[in-house]
Amino acid sequence: MAETKTKTKKKAPTAKATGKSCTIAGCKRAYRAKGLCFFHFKKWRAGELEAKPARYKTCSKPDCKKKVQEHGLCKEHFEAWKKSRKKNAAKAEAAA
Ligand SMILES: [Zn+2]
Ligand SMILES: [Zn+2]
């Protein structure tokens with residue numbers, strides 16, 4: 001009687017190009033879950049992360065981590081964007 005052990009081939013951790021990456025600014029670790037890499041995901045689960053990307057989206061301005069208000073911008077940047085729009089509209093009107 002020969003014992004035939006089925007060898008369980010361990011799948012090599014191939015880095016799948018999902019296009020996803022950690023949402024923490026400056027972090028380039030491989031994506032794990034909840035918009036975070038393994039390192040930050042662990043931190044998030046432990047409640048050590050201040051920003052919880054899964055809860056809400058943050059301002060799309062690169063250096064801004066405030067909560068999104070509208071159009072992917074925080075209140076501050078959204079107001080600035082609205083103002084700049086108004087300015088442009090006024091300019092367009094003046095030119096016409
Ligand atoms: Zn990370
Ligand atoms: Zn902002």
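**Entry 1: Cys59 and the zinc ion (ligand 2)**

I looked up the burial of Cys59 first. Its relative accessibility is 5%, so Cys59 counts as buried, the cut-off for that class being under 20%. I note that the model is predicted.

I then asked which protein atoms bind the zinc ion (ligand 2). The donors are SG of Cys59, SG of Cys64, SG of Cys74 and ND1 of His77, at 1.8 to 2.3 Å from the ion. I checked the geometry next: the 4 donor atoms subtend angles of 105 to 118 degrees, and the arrangement is therefore tetrahedral. Tetrahedral requires that all angles lie between 85 and 135 degrees. Along the chain I read the donor spacing of ligand 2 as C-x4-C-x9-C-x2-H. The pair Cys59 and His77 links distant parts of the chain, 18 residues apart. I placed Cys59 in the loop between helix H1 (38-45) and strand S3 (68-70), and His77 in helix H2 (residues 75-95).

**Entry 2: the zinc ion (ligand 1)**

I repeated the search for the zinc ion (ligand 1). Its coordination comes from Cys22 (SG), Cys27 (SG), Cys37 (SG) and His40 (ND1), at 1.9 to 2.3 Å. The angles among these 4 donor atoms are 105 to 113 degrees, and the site is tetrahedral. For the donors of ligand 1 I recorded the spacing C-x4-C-x9-C-x2-H. Cys22 belongs to the segment before strand S1 (31-33) and His40 to helix H1, so this pair ties together parts 18 residues apart in sequence. I found Cys22 and His40 both buried.

**Entry 3: aromatic pairs**

How many aromatic pairs does the structure hold? I counted 2. One of them is Phe41 with Trp44, which is stacked, at 5.9 Å centre to centre and with 25 degrees between the planes. Both residues lie in helix H1, 3 residues apart, or about one turn of the helix. Phe41 and Trp44 are both buried.

For Phe78 and Trp81 I obtained ring centres 5.7 Å apart and planes at 25 degrees, so this pair is stacked; the limit for stacking is under 30 degrees. Phe78 and Trp81 both sit in helix H2, 3 residues apart, about one turn of the helix. Is each of these residues buried or partly exposed? Phe78 has a relative accessible area of 6% and is therefore buried, whereas Trp81, at 31%, is partly exposed.

**Entry 4: a charge over a ring**

Last, I looked at Arg29. It lies over the face of Phe39, at 4.2 Å from the ring centre.

Note on methods: Residues are numbered from 1 along each chain as its sequence is written. Chains are lettered from A and ligands numbered from 1 in the order in which they are written. This is a predicted model: local features need pLDDT of at least 70, side-chain atom pairs count only at pLDDT 80 or more; totals for chains, interfaces and linings use all residues. Side-chain values use heavy atoms; hydrogens and water are left out. Donors are N, O and S atoms within 2.8 Å of the metal (3.2 Å for Na, K and Ca); water is not among the atoms, so sites may look incomplete. Four donors count as tetrahedral if all angles lie between 85 and 135 degrees; four count as square planar and six as octahedral if opposite donors are over 155 degrees apart and all others between 65 and 115; anything else is irregular. Helices (H or I, at least four residues) and strands (E, at least two) are DSSP runs, numbered from the N terminus. Buried means under 20% relative accessible area, exposed over 50%, partly exposed in between (1.4 Å probe, protein chains only). Rings of Phe, Tyr and Trp (its six-membered ring) pair if their centres lie within 6.5 Å; planes under 30 degrees apart count as stacked, over 60 as edge-to-face and the rest as tilted. A charge sits over a ring if NZ of Lys or CZ of Arg is within 6 Å of the ring centre and within 35 degrees of the ring normal.
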